[in-house]
Structure formats: C-alpha cells, structure tokens
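User: I'm new to this one and would like a close look at a single part: the surroundings of the ligand. Could you walk me through that, and then show me what else is worth a glance along the chain?

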Amino acid sequence: MAKPWIVSRCGWELAKSIFSVETPSAQILATATLRQPASYYFLMESIGMTNQLAADGAVPETKSEKPIRRKANQLIPEGSPWNEVEEAFLKRRSVRKYKRKQVPEHYVKRILEVGRYSASQGNCQPWRFVVVRDRDMISEMELFVQNTLAMMSSAPPEEVASEEPSEQQGPPPHPIPIKLLQEAPPGMGIKVFHGAPTVIFPLMDSRGIGHPEIDLGIVGTNMIMSAYSLGLGTCWVGFAEILNFSDWPQRLGIEEPYKLVEAITIGFEAGDAQHNFVQRETHRTAWFENGEQRDMY
Ligand SMILES: Cc1cc2nc3c(=O)[nH]c(=O)nc-3n(C[C@H](O)[C@H](O)[C@H](O)COP(=O)(O)O)c2cc1C
C-alpha cells in the first residue's frame, strides 16, 4: 500500500464532494471508533490521485512527483534558491481584479478544509465560515460599505472623532495607511470586494482563549495559501467590518459569540497582481545568542 501523504478528517458528505469519492477503497480507511460518528479518517497518497478515484474506481499506485518537504537531515547550503513553499509565500500578492468566472465549488471546499486544520491557541478553533457566491448579495454589500465609507470621509472631523476622548493617549496612527488614504484619488469609490465571485467571511468565535484574532489571521492565511496553490487570487478585506453597522450580520446568520471581522475575496485573477508589488520594510530584529545581543535587518 502506498504511503499516506495526507491525513484528513472530515464529514463523509464533504469528503465525497471534495474528492469525488463514491466508495471507500483500500486506501480510504473508515473507522467507527471516532468521537464524531459522521466523520472518517481518510488516508490518501495525494489529492491529485484521489481525484482520479471517480474515473478509476480505485486509488492508483502512484507516488507524488516531488515531496513538498525535504528531510530534516538534508541540509541546504547558505544562499540556496527559495524552495516551492517559501516562493509561494513570497510571490502571493493581494488580487484586486478578478475574472467573472465562478470558482468551482470543490475548490472552495478544499480551501475551507485546509483552514480547518489551522493552529489555534488551546486548539479552540475559534472560527466558522460564511461563504457568499451570490453576485447580487456581494454587490449589495459592496454598495453599503462604499456608501458608509463615503459618508464617513465627508463627515466633519468633530463628528468622526470619539465624543469622549480617552485620557490615555495611545500612539499616533500607523503612517502608511494614512498616507495611502491621503493619496487616494478624490471622488473614486473605494473598491471593497473587487468584483470577486466568491467571498469567504472567516468569523471569529469571541470565546477563543488568548487572542482569537490571531487564530483568525492564521486560518485566513492558510486558506489564502491553499487558494494560491490552486491558481486562485485572494484579497483580505478589512473594510468588510463596516457591514456590522447594518443588518448584514443577521442576514448572513451571524450570531454571538461569532463576529464578522474580516472577509477574503477569492477568484481567478484578471491581469497580474505582481505589478502591484508593495515595498517591504526591513524592521529591526533583536537577536540574542551566546550572551550577546545584536540587531539584524
Ligand atoms: C487584515 C487585512 C485586511 C486588509 N484589508 C484590505 C482591504 O479592505 N482592501 C484591500 O484592498 N486590501 C486589504 N488588505 C490587503 C493589504 O493592503 C495587502 O496585504 C498589503 O498592501 C500587502 O500587499 P500584498 O498582499 O499584495 O503583498 C488587507 C490585508 C490584511 C492582512
């Protein structure tokens, strides 16, 4: 039997639709001893291989072309080229222009499944997802956020400022977004969902211990990288939080303890987002070793 490459636990119905699996075969080991009766453990050589299941009726005996992870004892010399995983993280860009073509449903399910395996503090898994693929709904949400932003930017500063200024003055706002907003061409509606055909709202379960926002960032990043590997473009949408000033949370079925804090647009990229590369800062890294400290950049 081929070595298992991925171990995935998911609902049988979900697995069937992701992997086009109709019948459990020798390599898909179902076990009745799980806590969740409707769940199975699937051991599979690779996603590509299991996709062939429907056609072949069985998992073919193939090996992954290239192992994604080298062995720990295979040291690489300094200055070696970036590997595939590193390159993916370096090359991913926010995509703000999409083709009209909808993302296949099973792609979205794969992305959600990768998200589900994310790290979280105390393994709280403080998230759940809302997927919106209805163009009218996305347009309506877009309009609401745009109108609200327009209202906020045209309001006199005293109305925007907090009524009761806090005694403790925090640090001044981060300079980069302020500069970007100041440089935005006047009168141009800010694009919110960028015409993407699919929007995922990773909701934050506010009961998560520690800082569930961090867990949400991890789950979102993992899903974004999954989408990237599938040839899709994505963009985080912090502006989505403005939807909380409307009945959209109810319309999307969001209730306590879940909170709408971010959205992620997903679609096939139109153009090449690499052209939108934005400068990266080299922040100081404090490095402690052998009783000494040095600064690295
Ligand atoms: C939490 C978060 C919220 C963001 N919100 C928005 C947004 O509302 N609209 C947008 O166009 N980009 C948004 N971005 C994308 C950032 O502008 C982008 O990641 C940054 O400029 C770096 O560019 P890159 O992603 O292409 O490397 C957001 C990114 C993060 C991480």
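Analyst: Let's start with what "around the ligand" means here: a residue is near a molecule if its C-beta atom, placed from the backbone, lies within 6 Å of it. Keep in mind too that this is a predicted model.

With that cut-off, the shell around the ligand takes in Arg-93, Ser-94 and Arg-96, then the run Cys-235, Trp-236, Val-237, Gly-238 and Phe-239, and also Glu-262, Asn-276 and Val-278. Sort those residues by character and you get 5 nonpolar, 3 polar and 3 charged.

Now for a helix elsewhere in the chain. Strand S5 (233–237) is among the elements that cover the buried residues of helix H9, and so are H5, S3, S4 and strand S7 (263–267). H9 itself runs over residues 212–229, 18 residues in total, and spans 26 Å from its first C-alpha to its last, close to the 26 Å expected at 1.5 Å a residue. Its buried residues are Pro-212, Asp-215, Leu-216, Val-219, Gly-220, Met-223, Ile-224 and Ala-227. After H9 comes Gly-231, with a positive phi near 85°.

Moving along, have a look at Pro-257, in the loop between helix H10 (248–251) and strand S6 (258–259). The peptide bond joining Glu-256 to Pro-257 is cis, with omega at about 5°.

Further on there's a hairpin. Strand S8 (residues 285–289) and S9 run antiparallel and are joined by 5 bridges. Within that pairing, Phe-288 sits opposite Gln-293 in S9. There are 2 residues between the strands of this hairpin, and Asn-290 has a positive phi near 50°. So is S9 buried or in the open? Strand S9 (residues 292–296) lies largely in the open, because 0 of its 5 residues are buried.

Two more backbone spots are worth a click. Gln-125, in the loop between helix H5 (105–116) and strand S3 (127–132), has a phi near 50°, which is positive although the residue isn't glycine. Gln-125 counts as partly exposed because it has 18 C-beta neighbours inside 10 Å. His-194 is in the loop between helix H8 (175–183) and strand S4 (198–205), and its phi, near 55°, is again positive in a residue other than glycine. With 19 C-beta neighbours inside 10 Å, His-194 counts as partly exposed; a residue is called buried if 20 or more other C-beta atoms lie within 10 Å of its own.

Notes: Residues are numbered from 1 along each chain as its sequence is written. This is a predicted model: local features need pLDDT of at least 70, side-chain atom pairs count only at pLDDT 80 or more; totals for chains, interfaces and linings use all residues. Ala, Val, Leu, Ile, Met, Phe, Trp, Tyr, Cys and Pro count as nonpolar, Asp, Glu, Lys and Arg as charged, and the others, Gly among them, as polar. Helices (H or I, at least four residues) and strands (E, at least two) are DSSP runs, numbered from the N terminus. A residue is buried if 20 or more other C-beta atoms lie within 10 Å of its own, exposed if 12 or fewer, and partly exposed in between; C-beta atoms are placed from the backbone. Two strands pair if DSSP finds at least two bridges between them. The expected span of a helix is 1.5 Å times one less than its number of residues. Two residues are in contact if their C-beta atoms, placed from the backbone, lie within 7 Å.
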